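Hi,

Here is the structure I said I would pass on. Have a look at it first, and my notes follow underneath.

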Amino acid sequence: MICGGGADRLGRCRHATCEMAFVDVSRNGRRSYCSVRCANTAAVARHRATAAEMTDPAPRRDVRSHHRRPQTADG
């Protein structure tokens with residue numbers, strides 16, 4: 001139970017799998033996560049999703065799979 005005028009500082013963690021609540025005591029009142037661990041986990045997930053979207057969709061050639069022409073005596 002929260003007493004006083006700070007009920008607007010009560011928040012729920014933004015991490016998808018976390019169900020923790022917290023009291024935002026930050027100066028600007030914009031806290032989003034219950035802990036640094038949840039914030040970091042969410043940041044890593046966003047980074048990995050962005051990196052997966054930016055990968056080259058074209059398949060890479062394996063240089064070893066190309067056959068070379070047989071060498072002849074003249075060159």
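Before I talk about loops and where they sit: helices and strands here are DSSP runs, a helix being H or I over at least four residues and a strand being E over at least two, and they are numbered from the N terminus. Please keep in mind that this is a predicted model.

**The overall picture**

The protein chain has one helix and two strands, and the order from the N terminus is β-β-α. Of its 75 residues, 12% count as buried. The chain exposes about 7,300 Å², with carbon and sulfur atoms supplying 52% of that area. If you take the contacts between residues at least 6 apart in sequence, 7% of them join residues at least 24 apart.

**The core**

Which residues make up the largest nonpolar core? There are seven: Cys-13, Cys-18, Phe-22, Tyr-33, Cys-34, Cys-38 and Ala-42.

Cys-18 sits in the loop between β1 and β2. Its relative accessible area is 10%, so Cys-18 is buried, the cut-off being under 20%. Setting aside neighbours within four places in sequence, Cys-18 is in contact with Arg-12, Cys-13, Cys-34 and Cys-38. Cys-18 and Cys-34 are 16 residues apart along the chain, and their C-alpha atoms are separated by 8.6 Å.

Phe-22, another member of that core, has a long contact list. Again without the neighbours within four places in sequence, Phe-22 is in contact with Arg-9, Leu-10, Gly-11, Arg-12 and Cys-13 on one stretch of numbering, and with Arg-31, Ser-32, Tyr-33 and Cys-34 on another.

**His-15**

The loop between β1 (10-12) and β2 (21-23) also holds His-15. Is His-15 buried or exposed? Its relative accessibility is 15%, so His-15 counts as buried. The side chain of His-15 makes a polar contact of 3.1 Å with the side chain of Thr-17. Not counting residues up to four places away in sequence, His-15 touches Tyr-33, Cys-38, Thr-41 and Ala-42. Of these, Tyr-33, Cys-38 and Ala-42 belong to the nonpolar core.

**Asp-24**

This is the one I would like you to look at. Asp-24 is in the loop between β2 and α1 (36-53). Asp-24 is buried but has no salt bridge, and the nearest side chain of opposite charge, that of Arg-9, is 4.1 Å away. A salt bridge needs a side-chain nitrogen of Lys or Arg within 4 Å of a carboxyl oxygen of Asp or Glu. What does the side chain of Asp-24 reach at 3.0 Å? The partner is the backbone nitrogen of Arg-31. Leaving out neighbours within four places in sequence, Asp-24 is in contact with Arg-9, Gly-29, Arg-30 and Arg-31.

**Val-23**

Val-23 belongs to strand β2. Val-23 has a relative accessible area of 40%, so it is partly exposed. The C-alpha atoms of Val-23 and Arg-12 are separated by 8.8 Å, with the two residues eleven apart along the chain.

Cheers

Definitions and conventions:
Residues numbered from 1 in each chain as written. Predicted model: local features only at pLDDT ≥ 70, side-chain atom pairs only at ≥ 80, totals over all residues. Heavy atoms only, no water. Buried < 20%, exposed > 50% of the residue type's maximum accessible area, 1.4 Å probe, protein only. Polar contact = N/O pair within 3.5 Å; in protein donor to acceptor, adjacent residues only side chain to side chain. Contact = heavy atoms within 4.5 Å. Core = buried A, V, L, I, M, F, W, Y, C linked by side-chain atoms within 4.5 Å. Areas by Shrake-Rupley, 256 points an atom, 1.4 Å probe, with all protein chains shown as cover. Lys, Arg positive; Asp, Glu negative; His and termini not counted.
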